[in-house]
Amino acid sequence: MNTHVSLILKLIAVIAIACVPLSGESFYVELVAKMLLMAIFAMSLDLLVGFTGLVSFGHAAYFGIAAYSVALFSANFGQMSLWVLLPAAILLSALAALVIGFFAIRTKGIYFIMVTLAFAQMAYFVFHDTPVGGGSDGMFLDARPSTAIGSWVPFDLDNELHMFYFALAMMLLVYAFLQRVLQSPFGRVLMGIKSNEHRMQSLGYYTFGYKLAAFSLAGGLGGVAGFLYAVLFGYVTPELLSWHESGNVLLMVILGGMGSLVGAVMGAFVFEAMREFFADITKYWQLLMGSVIVALVLFMPGGLTAIPGRIKRALQGGAAK
Amino acid sequence: MDFASFLIQTLNSLQYGLLLFLVASGLTLVFGIMGIINLAHGSFYMIGAYIAFVLTSATGSLMLAIALGIPLALAIGAFLEWALFSHLYKRDHLEQVLLTFGLILIFEQLRSILIGDDVHGVAIPAFLDMSIQLTEVMSYPVYRLAISAVCIVLAIALYYVIQRTRLGMMIRAGNDDRTMVEALGININMMYRVVFALGVALAALAGMLAAPISSVYPNMGSSVLIISFVVVVIGGIGSVWGALVAALIVGFADTFGKVLLPEISGMIVYLVMAVVLLWRPEGILKKA
Amino acid sequence: MKNTTSLFRKAVVGAALTVSASAFSLAQAADTVKVGLMLPYTGTFAALGNAITNGFKLYVEENGGELAGRKVEYVVVDDESNPARATEVARRLVTRDKVDVLVGTVHSGVALAAARVAASTKTLMIVPNAGANDLTGTLCSPYVFRSSFSAWQPSYAMGEELARRGLKNVVTLAWNYSFGTESVAGFTEGFTQGGGTIVKDMSLPFPNVEFQPFLTEIASLKPDAVFVFFAGAGAAKFVSDYAAAGLNTSIPLFGPGFLSEDAVAMGGAGEGLQTTLHYAEGLDTERDNAFRTAYAAAYSAQPDVYAVQGYDAAQMYHAGLQAASGDPSRKEDIIQGIQSATIDSPRGSFTLSRAHNPVQNIYLREIKDGKNVIVGVVSESLEDPARGCSM
């Protein structure tokens with residue numbers, strides 16, 4: 001696609017999203033805010049799955065660890081500053097990813113999938129079975145973080161609109177950041193590892209280190225999403241770390257088309273919208289959701305972002321006749 | 001813990017471990033030979049348990065239900081392989097994860113629509129419905145011992161099939177080198193269908209056997225799935241013997257963990273897994 | 001039962017994302033009342049969600065589909081018993097569908113999250129099952145009522161009862177989530193006040209059902225009795241396992257009534273099991289018989305305690321709405337109305353405590369021929385202490 005056209009389309013999309021609060025319906029404002037944070041979550045996973053070739057099936061762990069750090073810090077220290085809490089949450093989830101990655105990246109393929117899953121389950125059980133975070137009942141957040149810098153309060157997270165635009169800003173920030181990372185030499189090595197790790201190794205790259213760095217980075221960015229979730233909903237539960245959530249975010253990445261940040265964002269939006277829509281029309285919504293997933297895998301390899309290309313090919317094929 | 005309790009806990013560990021082996025063996029076969037990551041494996045366990053419930057209610061005998069249920073499970077497995085999984089061999093693991101993730105949702109909802117969401121008990125066959133007195137207050141259900149016996153027999157049968165039969169030879173060859181098997185003129189598609197059906201049947205059989213002691217209920221496959229994953233990872237993907245050893249390790253760790261370290265009992269098996277991975281990233285017995 | 005207008009609205013907003021929804025603001029018909037049913041319709045608790053729904057609708061149907069002269073319109077949503085989605089689902093009912101009353105739910109964690117939403121948005125909520133003490137304790141709110149029970153109630157009554165029987169040493173075992181730990185705490189309070197001792201307090205993660213190691217431990221401790229908290233599938237399995245281990249003949253087993261709700265699934269293993277609850281089969285009162293007949297006729301199934309709780313949730317809202325002359329927006333009057341009402345429940349009449357929890361009889365029941373039959377009342381008009389509630 002022409003880069004100008006694509007840029008204009010992206011701008012239109014951002015403007016459309018920014019206009020959602022005009023509807024005046026707090027339900028939709030909150031829903032789209034959730035879509036935005038899920039988009040961050042999906043992009044962070046796409047860095048691993050789509051660009052580095054590491055299929056992590058335990059990404060919800062980092063989302064959940066960041067969400068729990070918000071709840072735990074707030075429970076112990078009262079209302080905290082956003083400027084302390086956000087970096088702390090990111091750091092903790094990145095650290096967890098570093099430790100888990102150290103074990104997981106020693107394995108490959110199916111093993112990697114299962115090992116990431118199993119470690120995520122372990123994190124799930126830490127919050128589920130031990131009194132650390134209120135057990136299976138979860139924890140409530142009593143106050144959203146304050147944004148004050150000295151006596152200056154730039155915005156107020158208790159305000160629905162401010163919260164919404166904060167989520168939007170974070171999404172754009174993460175998008176821009178990942179865009180830069182992928183264009184950097186570091187990003188090129190990751191893509192090189194995805195296409196042929198042996199070649200990268202023989203070129204002298206220490207691929208384990210690169211993969212581990214990507215894994216931690218993805219964990220930290222997933223933590224951004226988890227942070228936003230905890231602040232938005234004010235409630236964290238072990239279910240945030242469950243393998244169903246890890247499956248859902250993988251689904252978002254695939255739905256949009258791996259290896260495309262815009263695809264990940266689209267996947268998150270479409271997935272959340274689908275879930276809302278199906279749950280609204282039938283109580284057998286899981287059957288619909290499952291069928292859509294199966295059909296997607298069988299008939300739509302490449303996801304949503306591959307559709308324009310496929311239509312183009314189909315049209316060209318038709319014209320050739 | 002007194003000595004008698006220790007012995008009984010050992011028995012509990014063995015029984016739990018052997019049942020886990022039965023579920024995990026099917027998973028590891030499908031993983032190892034076909035390279036398919038199957039999240040719906042827990043659903044097959046659930047389906048087996050519900051088959052046992054429905055057929056036992058209809059025929060009045062669990063034995064008959066299992067006799068009818070095994071061919072049914074094989075047929076379901078062969079059908080799914082033909083309709084869905086055969087399209088996935090050349091695809092990415094990721095798409096297998098997704099497809100089977102979708103299948104879980106479908107199976108759970110179908111179960112809800114067809115059978116409902118109630119908890120159901122399944123009667124133990126009369127000739128096994130008794131207990132052996134072990135201590136003055138504790139006795140041990142014969143049915144649990146019978147399950148262990150069946151699991152041991154199946155483990156031996158699997159060993160025989162894989163080591164001694166033509167199918168086993170093909171499986172071992174396929175496990176090692178797909179192109180080699182094709183070069184030998186073996187119909188690999190047929191072999192895959194058989195292996196997949198076998199995997200489904202093993203999970204379903206575990207569900208059928210467990211139904212009387214676990215009762216049947218919604219989402220029963222979910223917890224079994226994750227623990228089976230751990231067993232397969234510890235044992236080494238594709239290794240049936242690894243799965244046996246790993247299942248027993250998990251059985252012991254879980255049982256004794258509950259009594260001795262109740263605070264962290266949920267995590268113990270995962271800690272064991274972490275240690276094993278540090279020591280041997282490919283599992284204890286990668287490809288025996 | 002689906003709200004097609006809101007569906008349409010959603011589609012419009014979803015597609016354009018910029019459409020001003022106020023343009024589509026539906027003129028809420030003056031003579032309807034909107035009931036949001038936020039209950040589990042999939043997963044482990046689906047059967048409970050359906051029974052509550054049936055009970056609620058039965059009462060409304062008995063009143064000609066109306067409550068206090070208002071036609072009842074339902075907005076039904078599956079909460080999946082998933083705490084991770086609880087806040088979202090509750091907010092959807094409140095802020096998008098603008099329900100007049102939120103009825104939900106079964107899972108305590110989900111109910112706690114939903115109650116926070118209800119309290120902060122000043123939406124009336126009736127909890128038709130979840131037993132977490134906090135709902136009518138530390139989190140109590142003028143807007144939150146409960147038609148069921150607190151975890152403390154049946155367990156405390158059981159503790160008193162066992163102490164009265166002269167039992168000395170008891171082992172407790174429960175899932176370590178709030179419902180389980182609160183039940184054990186309630187039992188311990190009642191039992192130790194009466195002079196009993198808890199020999200060992202054991203727990204396992206919810207919803208783990210591999211009980212064999214604990215049974216072995218119980219056998220080696222040889223207490224006078226065992227008190228457990230399990231519900232649903234786990235309860236049926238525990239009772240069966242307990243009998244299969246031969247413990248039922250030497251060490252009697254007790255628990256709150258959820259232990260024996262699936263009496264049929266246990267086969268013969270549950271015979272003679274005694275539990276405490278705020279409802280029992282065979283009460284043989286005119287009220288209960290009429291309810292049971294009507295329920296059986298409407299759904300060709302026998303009602304259980306969950307159906308009663310759903311039925312009473314409708315009765316409670318009815319009482320409130322009547323006090324407000326059928327105007328769902330007069331919340332203060334509705335709250336007053338429910339608070340001062342005596343609910344003519346199939347379980348026996350009850351009133352509501354200052355924290356909005358039923359003040360009710362706790363029955364001792366025993367399983368006979370696969371049915372929970374009443375033995376007697378162990379605690380009359382038992383009121384939850386509502387600890388932490390400043391209302």
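The following exchange asks how some descriptions of this predicted model are justified.

Trainee: What makes chain B as compact as a globular protein of that length?

Mentor: Start with its elements: chain B holds eleven helices and two strands. The globule rule gives 19 Å for 288 residues, and the radius of gyration of chain B is 19 Å, close to that value, so chain B is as compact as a globular protein of that length. The C-alpha trace spans about 65 × 50 × 35 Å along its principal axes.

Trainee: Where do the two strands of chain B fall in the pattern?

Mentor: Read along the sequence, the pattern is α-α-α-α-β-β-α-α-α-α-α-α-α.

Trainee: What share of chain B is buried?

Mentor: Buried means 20 or more other C-beta atoms within 10 Å. Of the 288 residues in chain B, 55% are buried.

Trainee: How do you know which contacts in chain B join residues 24 or more positions apart?

Mentor: A contact needs C-beta atoms within 7 Å. Take the contacts with a separation of 6 or more: 76% of them link residues 24 or more positions apart.

Trainee: Now chain C. Why are β9(C) and β10(C) called paired?

Mentor: Pairing takes at least two bridges. Two bridges join β9(C), residues 225–229, to β10(C), residues 253–256, so they pair. The two strands run parallel. C:Val226 stands opposite C:Leu253.

Trainee: What makes β10(C) and β11(C) a pair?

Mentor: Three bridges join β10(C) to β11(C), residues 274–277, and the strands run parallel. At least two are needed, so they pair. C:Phe254 has C:Gln274 in β11(C) as its bridge partner.

Trainee: Which elements make the right-handed β-α-β unit?

Mentor: β9(C), helix α8 (residues 232–244) of chain C and β10(C).

How values were computed:
Residues are numbered from 1 along each chain as its sequence is written. Chains are lettered from A and ligands numbered from 1 in the order in which they are written. This is a predicted model: local features need pLDDT of at least 70, side-chain atom pairs count only at pLDDT 80 or more; totals for chains, interfaces and linings use all residues. Helices (H or I, at least four residues) and strands (E, at least two) are DSSP runs, numbered from the N terminus. The radius of gyration is taken over C-alpha atoms; the globule rule is 2.2 Å times the number of residues to the power 0.38. A residue is buried if 20 or more other C-beta atoms lie within 10 Å of its own, exposed if 12 or fewer, and partly exposed in between; C-beta atoms are placed from the backbone. Two residues are in contact if their C-beta atoms, placed from the backbone, lie within 7 Å. A crossover is right-handed if, with the strands pointing away from the viewer, the path from the first strand over the helix to the second runs clockwise.
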